[in-house]
Amino acid sequence: LNRGFTEIHCMSGHSNFVSCVCIIPPSDLYPRGLIATGGNDHNICVFTIDNTAPLYVLKGHKNTVCSLSSGKFGTLLSGSWDTTAKVWLNDRCMMTLQGHTAAIWAVKILPEQGLMLTGSADKTIKLWKAGRCERTFTGHEDCVRGLAILSETEFLSCANDASVRRWQISGECLQVYYGHTNYIYSISVFPRCKDDFVTTGEYRSLRIWKQGECAQTIRLPAQSVWCCCVLDNGDIVVGASDGIIRVFTESLERTASAEEIQAFENELSQASIDPKTGDLGDINADDLPGREHLKDPGTRDGQTRLIKDDGKVEAYQWSVSEGRWIKIGDVVGSSDATKQTSGRVLFEGKEYDYVFTIDVNENGPSYKLPYNITDDPWLTAYNFLQKNDLNPMFLDQVAKFIMDNTKGQTLLSTSAQFSDPFTGAGRYVPGSSSGPSTIPAADPFTGAGRYVPGSVPSAAAPVGGVDPYTGMGAYQSTAAKAENIYFPKKDAVTFDQANPTQILGKLKELNGTASEEHKLTEDDLIILEKLLSVTCNTSAETPTAQQLQTLWRAVNWPEDIVFPALDILRLSVRHPTVNENFCSEKEHVQFIVLLLKFLNPKGKQANQLLALRALCNCFVSHAGQKLMMEQRDEIMTQAIETKSGNKNIHIALATLTLNYAVCLHKVNNVEGKAQCLSVISTVMEVVQDLEAIFRLLVALGTLISDDINAVQLAKSLGVDSQIKKYASVSEPAKVKECCRFVLNLL
């Protein structure tokens with residue numbers, strides 16, 4: 001009877017150590033599922049069960065990939081030392097989650113669609129929804145190393161602070177569990193009883209927790225127990241620093257043979273225990289009893305007892321099931337070598353043999369110098385000087401300092417046992433990766449105005465009398481019973497409604513209050529009136545350079561009086577000449593910076609609304625489309641900050657998303673679609689206005705039409721469950737009909 005496991009394949013694809021493994025569940029395409037591995041080479045390899053070479057390799061992280069988690073519909077979440085997590089769908093990166101300031105050690109996809117967790121060396125855990133950080137959990141006092149899901153609303157975390165915490169996704173810490181005396185590396189939940197879980201950590205320990213208490217401690221003959229997982233049958237699998245995987249079971253049928261158990265106990269009894277682990281308390285060998293102390297039975301499973309035999313200190317653990325004391329190792333003195341190899345120091349989310357404090361001069365700051373005995377002292381010294389921008393002439397001095405202070409510490413033959421497979425021995429500095437930065441649209445102006453443009457209906461021009469965006473009476477819902485007239489939408493939707501007399505009246509009124517440097521002359525006002533007339537009427541005239549320069553001066557007015565000028569910009573940018581002028585290579589940077597400045601959520605809502613409408617209207621010409629697509633990431637990131645605005649802002653935000661969907665449908669940009677889906681999902685939660693909902697539904701339908709990847713991503717974000725309620729809206733009928741067409745695709 002073979003109770004064990006046999007090796008089927010040895011898969012290879014990484015150029016350096018593998019730091020995490022994850023199963024991707026079976027799908028129609030891969031009925032046996034897939035295996036994903038993350039490596040020190042910054043890559044993720046994805047394998048089929050029956051092939052030793054990768055099916056594909058996912059590239060994109062800038063440092064070691066140290067954690068993976070799979071979700072529904074083929075999604076994969078990865079965490080890396082580069083401080084980011086990435087969401088992958090099949091062989092594409094869909095979105096990058098940025099916000100942690102140090103390595104991300106743990107990632108998990110929650111059962112509720114669209115929710116993801118990341119745990120980091122910055123001591124925090126973050127909850128992400130549709131690619132945006134919803135909440136940060138603080139409480140751990142050291143690197144977060146592992147996460148485990150209990151239910152849709154609760155999860156566990158373990159950390160280098162030797163504690164386990166139980167959290168609600170609403171942010172509350174429900175319980176803290178203590179029992180470990182050192183780093184906890186891994187945590188796994190029993191499938192049938194979610195209150196019970198397993199943890200493994202430094203100093204040879206595997207602990208089993210039941211009803212919030214540590215019910216059993218199993219010692220292993222290996223210093224670091226890196227990872228654990230509970231199988232569906234309740235067996236516990238652990239991987240340790242001696243390169244051996246061990247399986248523990250409660251089942252008598254699957255228990256190992258007597259020889260195997262004896263071999264394990266022999267190995268255990270020969271292990272050496274460092275008294276400084278804290279597990280055994282302060283030990284004075286002279287006070288310890290002799291072997292006769294083992295005649296008394298233990299009081300609980302896993303109880304530890306120390307005895308002195310022939311001048312040696314031995315540790316025993318009580319086994320309730322066998323009714324006897326089992327030797328778990330010899331307690332060794334704290335020689336420098338033992339101290340040095342077991343007492344690793346943490347620095348910036350990585351473990352080192354030493355972290356020195358270096359004072360370069362008496363009055364200046366001191367610097368931390370992390371060092372592993374496997375490192376080259378000269379290279380370490382060189383990198384240290386480079387990183388801290390110090391004079392290279394200190395090189396000899398620093399290298400000599402390292403060698404003097406690590407004298408006699410060469411690489412021990414057992415040191416492989418003590419090198420963290422997650423951290424390795426590199427000189428990783430969390431936070432040094434150069435992630436894409438967004439320009440914060442800082443608001444240089446203050447003030448308050450009461451006029452809110454948008455009191456006029458914001459309907460787009462009807463196309464052929466049946467444009468569902470206008471609802472002007474010409475549109476009959478009965479015509480659309482079987483035919484989907486809503487999406488994929490082919491052209492941009494614009495804001496054309498205008499009352500030039502009103503706009504100019506307001507402009508003149510506010511010009512009277514403007515400071516001398518901003519005041520427009522009578523001639524300037526006539527020029528702007530002419531520009532409005534040219535761009536609002538279908539005349540053959542072309543706007544002049546002088547008109548555009550005057551408009552540019554007006555839109556740079558202070559925030560409290562600028563809105564009529566922004567309204568002129570919103571109408572003018574639909575004209576090909578104006579569009580080309582403001583969106584061309586030469587001018588576009590100033591133009592985008594100006595509009596993004598008005599999207600500041602702390603700014604005036606009138607300005608937010610008109611800036612969003614101007615951005616929507618940029619899509620009418622090729623130059624504007626090109627600019628909008630180039631700046632998509634920044635524009636969408638800033639635009640979504642206006643989501644707490646009024647219903648007119650919501651309609652404009654939905655229209656901007658729809659116009660992006662129209663462009664993305666033509667060019668199939670995966671990351672762009674992912675960002676739009678994330679925006680749709682986020683905005684759907686706050687919008688109540690049915691016109692805005694309708695435009696978001698059309699955007700969604702356009703994005704996922706003819707694209708199976710986009711359909712899967714939308715499902716994994718839980719968009720289908722968000723929109724279901726709109727399938728039963730009675731009025732306007734277009735909302736219900738469009739929603740049903742979208743749900744048919746999902």
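Here are a few notes on one sheet, two annotated repeats and one helix.

1. Ground rules: this is a predicted model, with local features needing pLDDT of at least 70 and side-chain atom pairs counting only at pLDDT 80 or more, while totals for chains, interfaces and linings use all residues. Residues are numbered from 1 along each chain as its sequence is written, and side-chain values use heavy atoms, with hydrogens and water left out.

2. The sheet is open and has 4 strands (DSSP runs of E, at least two residues, numbered from the N terminus), in the order β5-β6-β7-β8 with antiparallel pairing; a pair needs at least two DSSP bridges. β5 (65-70) and β8 (92-97) are the edges: each has a single partner strand, so one side of each lacks a neighbour in the sheet.

3. Zooming in on β7 (residues 85-89), 5 bridges tie this strand to antiparallel β8. Val-87 sits opposite Met-95 in β8.

4. UniProt, in an unreviewed entry, lists residues 58-88 and 97-129 as "repeat: WD"; such annotations may be inferred rather than shown by experiment. Residues 58-88 are 0% helix and 55% strand, with end C-alpha atoms 8 Å apart. For residues 97-129 the figures are 0% helix and 55% strand, with the end C-alpha atoms 10 Å apart.

5. Now helix α17 (residues 708-716), where Asn-709, Ala-710, Val-711, Leu-713, Ala-714 and Ser-716 are buried, meaning under 20% relative accessible area (1.4 Å probe, protein chains only). Helices here are DSSP runs of H or I, at least four residues. At the start of α17, a side-chain oxygen of Asp-707 comes within 3.0 Å of the backbone nitrogen of Asn-709. After α17 comes Gly-718, with a positive phi near 75 degrees.

Terms used:
Buried means under 20% relative accessible area, exposed over 50%, partly exposed in between (1.4 Å probe, protein chains only). A polar contact is a pair of N or O atoms within 3.5 Å; within protein, one must be able to donate a hydrogen and the other to accept it, and residues adjacent in sequence count only if both atoms are side-chain atoms.
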